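User: Hey, I've got this structure open and I'm a bit lost. Can we walk through it together?

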Amino acid sequence: MKTLLGTTTLAWLLLTASGAQAYTAYVSNEKSNTVTVIDLDKMEVTATVDVGERPRGIIMSGDLKQVYVCTSDADHIEVLDTETLKVVRTLNSGPDPELFTLSTDGKTLFVANEDNNMVTVLDTDSGDVAAEIPVGTEPEGMGVSPDGKWLVNTSETTSMAHFIDTTSLEVVDSVLVDTRPRFARFTPDGSKVWVSSEVGGTVAVIDTATRKVEHKIEFAVQGLRKETIQPVGISITPDGKTVFVALGPANRVAVIDAATYEVKDYLLVGQRVWQLALTPDAKMLLSANGESNDVSVIDVEKLKVLKSIPVGELPWGIAIK
């Protein structure tokens, strides 16, 4: 006896059997003042949302119901509801917020303010500024350790990674790295933090306990001048085995073995690749390509670019629900 299933039912059964998840990506477009919404199942743009001037940093809220967006030239953070796709709140971030990160409990935002050399500490429920932490000149990169005890902020002009105690909200150590550090990412076990230096062309691996640089990774792409290789965004797989680094105008994403620090591959993506984001199942990696105004979708297992999706002007950051 044969049973015929409808197309929708069959698709649902296949999805359930494969254990696949449906994900949505939110891309901040720095020049067009928009956030592009992408259905990653269909790999299609489903909406474009107008936000404040010069959106850059973008992350999901702790409950995944909202998206926080650093609208840098508007000098605040806008909160986008993921269901209605409307801006429902604005938070006082301090001047020129560029990047931020969320505490492990989702209750606090740590915001890098380029113009006043401060890290602003925001209560996500009340929207109140809880503290301001003086750091180096032009703060940018922000990373929180998995145990929530450490915040690392990078300062571009002073070329340092500042280790901040999240309880006392004080800088307890500053680690010198190469020129113009842009991003900080802790490993899943919290033992190390990877810091990219855009102009220096390197990534420093810092031991969290000793706060010493234990390794420095350099890059070489055949046919490209060294000065065009500018590390920026960093993503690390949940198992901690593989690290991806966006190389800016080199138009490549470097694939690094986290155990040996060997660069295994360079994946060609769009122009001026900036920030990266992994889907929670780590099956796909997305890159924001500023000059080509698109997002590249990479199959992590096969290390292959599956598709380029046009978005707004000068895409900068990516958050995934």
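Analyst: Sure! Let's begin with strand E14 (residues 160-165), which is joined to E15 by six bridges, the two running antiparallel. Keep in mind that this is a predicted model.

User: Okay, so which residue in E15 is the bridge partner of Phe-163?

Analyst: That's Asp-173.

User: And what sheet do E14 and E15 belong to?

Analyst: An open one of four strands, in the order E12-E13-E14-E15, with antiparallel pairing. E12 and strand E15 (170-176) are at the edges. Each of those two has a single partner strand, so one side of each has no neighbour in the sheet. On average, neighbouring strands here are turned by 25° against each other, ignoring direction.

User: Cool. What about the sheet with E4 in it, what's the strand order there?

Analyst: E4-E5-E6-E7, which is an open sheet of four strands with antiparallel pairing. Strand E4 (55-60) and strand E7 (87-92) are the edge strands there.

User: Why do E4 and E7 each have one side without a neighbour?

Analyst: Because each of them has a single partner strand in the sheet. If you want to see E4 pairing up close, look at strand E5 (residues 66-71): four bridges join the two, running antiparallel. Met-60 sits opposite Val-67 in E5.

User: New topic: E9. Is that strand mostly covered or mostly open?

Analyst: Mostly covered, since six of its six residues are buried. That goes for both faces: Thr-108, Phe-110 and Ala-112 are buried on one side, and Leu-109, Val-111 and Asn-113 on the other.

User: Which strands does E9 pair with?

Analyst: E8 is one of them, antiparallel over four bridges, with Leu-102 standing opposite Leu-109. E10 is another, also antiparallel, over six bridges. There, Phe-110 is opposite Val-121.

User: How many residues sit between the strands in those hairpins?

Analyst: Five between E8 and E9, and Gly-106 in that turn has a positive phi of about 75°. Between E9 and E10 there are four, and Asn-117 takes a positive phi near 55°.

User: Where do the greasy residues go, in general?

Analyst: In soluble globular proteins, nonpolar side chains tend to be buried together.

User: So how many residues are in the largest nonpolar core here?

Analyst: It has 33 residues. Val-119, Trp-194, Ile-217, Phe-219, Ile-234, Val-243 and Val-245 have the most contacts inside it. Several strands supply at least two residues each, among them strand E9 (108-113), strand E10 (118-123) and strand E22 (252-257). Apart from that core there's another, of 16 residues, including Val-27, Ala-277, Val-295 and Val-297.

User: Let's zoom in on Ala-277. Where is it, and what does it touch?

Analyst: Ala-277 is in strand E24 (residues 273-278). Setting aside residues up to four places away in sequence, it touches Ser-235, Met-284, Leu-285, Leu-286, Ile-318 and Ile-320. Ser-235 is 42 residues away in sequence, while the C-alpha atoms of the two are 6.3 Å apart in space.

User: Why is Ala-277 called buried?

Analyst: Because its relative accessible area is 9%, and buried means under 20%.

User: And Ser-196, is it buried or exposed?

Analyst: Buried, with a relative accessible area of 0%. Ser-196 is part of strand E17 (residues 192-197). Beyond its neighbours within four places in sequence, its contacts include Arg-180, Phe-183, Thr-202 and Ile-234.

User: How about Val-305, which class is that in?

Analyst: Partly exposed, with a relative accessible area of 29%. Val-305 lies in strand E27 (residues 304-310) and touches Leu-268, Val-269, Ser-296, Val-297 and Ile-298, again not counting residues up to four places away.

User: Last thing: what's the volume of the largest pocket?

Analyst: About 1,300 Å³. It is lined by 42 residues, and the closest to its centre are Ile-59, Met-60, Thr-101, Arg-185 and Leu-278. You've already met Met-60, in the spot opposite Val-67.

User: Which element gives the most to that lining?

Analyst: E28, with five residues. Other elements giving two or more include E4, E12 and E24.

Note on methods: Residues numbered from 1 in each chain as written. Predicted model: local features only at pLDDT ≥ 70, side-chain atom pairs only at ≥ 80, totals over all residues. Heavy atoms only, no water. Buried < 20%, exposed > 50% of the residue type's maximum accessible area, 1.4 Å probe, protein only. Contact = heavy atoms within 4.5 Å. Core = buried A, V, L, I, M, F, W, Y, C linked by side-chain atoms within 4.5 Å. Pairing = 2+ DSSP bridges. 1 Å grid on protein atoms, 1.4 Å probe; cavity = no way out; pocket = protein on both sides within 12 Å on 5 of 7 lines; lining within 4 Å. Points joined across faces, edges and corners; volume = space filled by probe spheres on them. Axes fitted to C-alpha atoms, helices over the stretch in contact; angles between N-to-C directions.
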